[in-house]
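Visitor: I have a structure open beside its sequence and would like to be guided through it. Could we take it piece by piece, with the reasoning spelled out?

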Amino acid sequence: MSGEVLYSESFTIRGNDFEHGGDVAARVKAILRELRIPPDVIRRLSIANFEAEMNVIMYADEGELLLEVLPGKIRVQVRDRGQGIPDIELAMQEGYSTATPEMRQRGFGAGLGLPNIRRNTDEFLIESTPQVGTILSYAVRLNARPG
Amino acid sequence: MLLSEVNQLLGGEVIWGRELAARLWVESCFAADLMSDVLAFAQPGALLLTGLASVQAAHAADVADLVAVLFVGGKRPGEAVRELAAVKGIPLVTTEKSLYEACGILHQAGLRPGHRHSSGASPEGP
């Protein structure tokens, strides 16, 4: 990853930890507010972070969210160790889901997570190896037109 | 209308944030039980109506910049949700009315749909 990193912090996400689902996204939001990042950038990134965090909780054993603030954008990478995604193209389709009843009871697992992340970010890349894990990389530009 | 007026209209109860509800202005509503729908389509500033009484509902409201959460069908959130709402400053209200009935009453009272369209941002690798 290139560019001067002005701020960086990493957060651990535990798989199946539904009770704390959203805590990491909330902490990142608080940090971005302190850094006086524009509100619309914070909102879009927070939506992406929340979805990414819930994906780790629902589908992985454990993961990390790495936040990096650069001069022109906020970059996030979410890495997890777990079942991975066998068919990324299929997973990106709205409505496609392998959710369990518990996930649906929590209001997730409707097959909108990855599309929501892509919709709210300006840069998006997903890499996955089945039975190993997934790396989600996305960024919101600070000078981009609000969504 | 004020959130306190919404509460009165629905015969509800403010679970957290009574003082805030008395001065919080509500212009629109978004109703959903799927939090991904909230994240995708709720308009910032709307009141969230939902039957999902979990921490994820409070987090979704916070992340999507919604002003308050109204739990329908008599749902009452647990302590963890109330604590989170207090930290975030998001009032919580509950009503016995169903989602359908609550939406109908509020729509008839003049609250408009708080639904936004997707941005269509184009992805490229970072």
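**A guided look at chain B**

Guide: In this predicted model, helix α6 (residues 99-108) of chain B lies across β2 (28-31), β3 (47-50) and β4 of chain B, and the helix runs at about 150° to β3(B).

Visitor: In what order do the six strands of the open sheet in chain B lie?

Guide: The sheet is open and its pairing is mixed. Its edge strands, each pairing on one side only, are β1 (13-16) and β6 (112-113) of chain B. Read across the sheet, the order is β1-β5-β4-β3-β2-β6.

Visitor: Is the pairing of strand β4 with strand β5 of chain B parallel or antiparallel?

Guide: Strands of a sheet pair through backbone hydrogen bonds, in either of two senses. Here strand β4 (residues 68-71) and strand β5 (residues 92-94) of chain B are joined over three bridges, and Val69(B) stands opposite Leu92(B) in β5(B). The sense of this pairing is parallel.

Visitor: Is Lys88(B) buried, partly exposed or exposed?

Guide: Lys88(B) has its place in helix α5 (residues 79-88) of chain B, and, leaving aside residues up to four places away in sequence, it touches Ala26(A) and Asp62(B). Its relative accessible area is 28%, and because buried means under 20% and exposed means over 50%, Lys88(B) counts as partly exposed.

Visitor: Which helix gives the largest share of the largest nonpolar core?

Guide: In soluble globular proteins, nonpolar side chains tend to be buried together. The largest such core here has 65 residues, and those with the most contacts inside it include Leu32(A), Tyr138(A) and Val38(B). Eleven residues of this core, its largest share, come from helix α2 (residues 39-59) of chain A.

Visitor: How many residues are in the second, separate core?

Guide: Among the members of this second core are Ala21(B), Cys29(B), Leu70(B) and Val93(B). The core is separate from the one just described, and its number of residues is 19.

Visitor: What radius of gyration does chain B have, set against that of a compact globule?

Guide: Along its principal axes the C-alpha trace of chain B spans about 50 × 35 × 25 Å, and buried residues make up 48% of its 126 residues. For a chain with that number of residues, a compact globule would have a radius of gyration near 14 Å. Chain B agrees with this expectation, because its own radius of gyration is 14 Å.

Conventions
Residues are numbered from 1 along each chain as its sequence is written. Chains are lettered from A and ligands numbered from 1 in the order in which they are written. This is a predicted model: local features need pLDDT of at least 70, side-chain atom pairs count only at pLDDT 80 or more; totals for chains, interfaces and linings use all residues. Side-chain values use heavy atoms; hydrogens and water are left out. Helices (H or I, at least four residues) and strands (E, at least two) are DSSP runs, numbered from the N terminus. Buried means under 20% relative accessible area, exposed over 50%, partly exposed in between (1.4 Å probe, protein chains only). Contact means heavy atoms within 4.5 Å. Two strands pair if DSSP finds at least two bridges between them. Axes are lines fitted to C-alpha atoms, for helices over the stretch in contact, and angles run from 0 to 180 degrees between N-to-C directions. A nonpolar core is a set of buried Ala, Val, Leu, Ile, Met, Phe, Trp, Tyr and Cys residues joined through side-chain atoms within 4.5 Å. The radius of gyration is taken over C-alpha atoms; the globule rule is 2.2 Å times the number of residues to the power 0.38.
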